[in-house]
Amino acid sequence: MKSCSQKGLRKRSLALLGAVLMMGTAVLSGCAKKSEGATLKIGIGQFAEHGSLDNCRNGFIEGLKEAGYIEGENITIYYENAQTDGGTASQIVDNFLEKGCSLICGIATPMAQSAYSAAKKQDVPVIFTAVTDPIAAELANADGTPAGNVTGTSDKLPVQMQLEMIREVMPDADTIGILYCTSEVNSISAIEEYKEAAGDYGFTIIENGIQTTADIPLAADGLMKQVDCITNLTDNTVVSCLPIVLEKATEAGIPVFGSEVEQVKIGCLGAVGLDYYSLGIQTGKMAAQVLKGEKKAEEIPFEVIEEAAFYGNTAVAKKLGITIPDSLIESAAQVFDTIEQ
Amino acid sequence: MTILLGILEEGFVYAIMALGVYITYKILDFPDLSVDGTFPLGGAVAASLLCKGMNPWLTLIVSFLAGAIAGIGTGLIHVKLKVRDLLSGIIMMTALYSVNLKIAGKANLPIFSRETIFENEWLESFLPEGAKRYVTVMFLFLILLAGKLALDAYLKTRSGYLLRAAGDNEILVTSLAKDKGFVKITGLAIANAFAALAGCVYVQMNGFFEISTGTGTIVIGLASVIIGTSLFKNVSFIKPTTAVIAGSLLYKWCVSRAIRFGLPSNDLKLVTSVLFLIILVFSERKRRGKKNA
């Protein structure tokens, strides 16, 4: 406890140094980036970084453009990614509000909730996208009307169409396995829907919940032994480690169905998937309506994208000795004949 | 103004948790990682109870107790099963992930439509429209102040003195015919109770519980404690608990400035880590200095 004043001074200056360093980083990085001049400001907050959410964002910017809001001309767009950190998410929104954004776009459920929570105090409209269940997230009321000055688009999985497709490709299959992460609420609601609908197509669903990517190899091994095929959700944790699942499935000769085009590209047999880019465009157009003052966000019910299409991979089919029916190939939005590594 | 309010709100919430970290890290010299689990534990308890219609103020007490129980758990693992301090915390933190999911029922539980301590009919009935923006920060300040004063008072009691002795000189505690293990468990219980209380308030402020909110809590806690206590070390009239609160505000201010001035949030973790490293190296030196003196 007792130390001579010189030592105390040194300790204090070290602490100060730490604080100064931190501020220095902040100021330096501030010099690097500046965009000024445009009238309207829009903040886009994205919760995680992966293909479908990036497509959403690019689509959103394109949708705004189609409606006459061009980045750098009449609007300034700020983009921040929370990297799946809840604390950062709310900080990002505070920052958007401080910058005077007239609209905030929240991509994925937790980001949308953070945006709504902070923006409602100042009545700044929030437009969300890639929220699977806006009602469960309390961004919309049970009847589908907005819960406040917030609306957007939902990326509900086309579960029925996916099951129908699997039945067509595998007429004799009984069980479908699903891997999901227990901390992703979207996956849990999707699984419930799968379980409800599976019976209609003569399937049983066997699910296996994991907590981190490290659990995937063991969980996948366990699942392979019990099922005829596997179908993927849009589960961020599982999708980010999809190559591991695919490798194990190929070894076991079990087909894996995906939930979007990117997954089919890298080795899923097929998928009835959403086009996240057009989901983004649709969202961008909704945002433009609000910006133009045609309607308030609280007057627009959220929209669910309906345009799902089949994507197939013939190279995977060949490897597994499965033929994808011609009817599916003909109706496909895209068919790949190679497996992207 | 918005950003200032944001910093105060976040700073106050995390300061409640940092008061707990002050007990473990500074007083007991125990690097307790369980707060990464007890912070969301408080949130999970609050969100699930609010969904069941409990009075928002009561959830503060229940969360506080839940955190204390988890802290006792960490303490028992360490003291009774003789697991190293860092590992005991990691074990508790990992276990709490599953427990939190069980309590909340799912990974994301919104409470936008429920009454919270910041938004309820009673408040709506008399507050003017313009004051609503400041309700949150005011209540947070009051809760934090109550916590701080209670902790200050506790540290002056007999049990509080023993707690401080346990960190500085374990032999003294034993020579007073007191069980030093019991003292450690008490400290951990109080510390984690504060962390859970902070989590409870945080969830009510944000309007939803999210399982990922706990990640990195300990970093914020340690940063607040070390920045605060180091900066005000030689200012004798400022109590360490006050210094910790100042540290929390300063830390949140720095992070918010960093984002404000365009630091890509992708780099935020790196900056936090570098900062954390500086803090650790610096505090390690200090500890060695203490031994030499």
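**Exercise 1. Two helices that cross**

Find out which handedness the crossing of H2(A) and H11(A) has in this predicted model, and how the two helices are oriented.

*Solution.* Start with the handedness: H2(A) and H11(A) cross in a right-handed way. Next, see who takes part. On the H2(A) side the contact includes Ser52(A), Asn55(A), Phe60(A) and Leu64(A), while H11(A) contributes, among others, Tyr276(A), Leu279(A), Thr283(A) and Lys285(A). Sorted by class, this contact has ten nonpolar, eight polar and three charged residues.

Now turn to the geometry. Two packed helices are described by the angle between their axes and the distance between the axes. Here the axes of H2 (residues 51-66) and H11 (residues 276-292) of chain A come within 6 Å and cross at roughly 40°. Angles from 65 to 115 degrees count as roughly perpendicular, and those under 35 as roughly parallel. The two helices are therefore oblique to each other.

**Exercise 2. A serine facing another chain**

Locate Ser183(A), decide whether Ser183(A) is buried or exposed, and list what Ser183(A) touches.

*Solution.* First, the place: Ser183(A) sits in the loop that runs between strand S6 (175-181) and helix H6 (185-198) of chain A. Second, the accessibility: its relative accessible area is 17%. Buried means under 20%, so Ser183(A) is buried. Third, the neighbours: leaving out residues up to four places away in sequence, Ser183(A) touches Tyr97(B), Ala107(B) and Ile211(B). With Tyr97(B) there is also a polar contact, side chain to side chain, at 3.3 Å.

**Exercise 3. An isoleucine in a strand**

Describe the surroundings of Ile77(A).

*Solution.* Begin with the element: Ile77(A) belongs to strand S2 (residues 75-81) of chain A. Its relative accessibility is 11%, so Ile77(A) counts as buried. Setting aside neighbours within four places in sequence, Ile77(A) is in contact with Ile42(A), Ile44(A), Ile61(A), Leu64(A) and Glu71(A). Finally, compare sequence with space: Lys41(A) is 36 residues from Ile77(A) along the chain, yet their C-alpha atoms are 6.0 Å apart.

**Exercise 4. Positive phi values**

Inspect the phi angles of Ala130(A) and Glu138(A), and say where these residues lie.

*Solution.* Keep the background in mind: most residues other than glycine have a negative phi. Ala130(A), however, has a positive phi near 60°, and Glu138(A) has a positive phi of about 60°. Ala130(A) lies in the loop between strand S4 (126-129) and strand S5 (150-154) of chain A; Glu138(A) is placed in the loop between S4 and S5 of chain A. As for accessibility, Ala130(A) is buried at 3%, and Glu138(A) counts as buried at 15%.

Technical notes
Residues are numbered from 1 along each chain as its sequence is written. Chains are lettered from A and ligands numbered from 1 in the order in which they are written. This is a predicted model: local features need pLDDT of at least 70, side-chain atom pairs count only at pLDDT 80 or more; totals for chains, interfaces and linings use all residues. Side-chain values use heavy atoms; hydrogens and water are left out. Helices (H or I, at least four residues) and strands (E, at least two) are DSSP runs, numbered from the N terminus. Buried means under 20% relative accessible area, exposed over 50%, partly exposed in between (1.4 Å probe, protein chains only). A polar contact is a pair of N or O atoms within 3.5 Å; within protein, one must be able to donate a hydrogen and the other to accept it, and residues adjacent in sequence count only if both atoms are side-chain atoms. Contact means heavy atoms within 4.5 Å. Axes are lines fitted to C-alpha atoms, for helices over the stretch in contact, and angles run from 0 to 180 degrees between N-to-C directions. Angles under 35 degrees count as roughly parallel, over 145 as roughly antiparallel, 65 to 115 as roughly perpendicular and the rest as oblique. A crossing is left-handed if the near helix is turned anticlockwise from the far one by less than a right angle, and right-handed if clockwise. Ala, Val, Leu, Ile, Met, Phe, Trp, Tyr, Cys and Pro count as nonpolar, Asp, Glu, Lys and Arg as charged, and the others, Gly among them, as polar.
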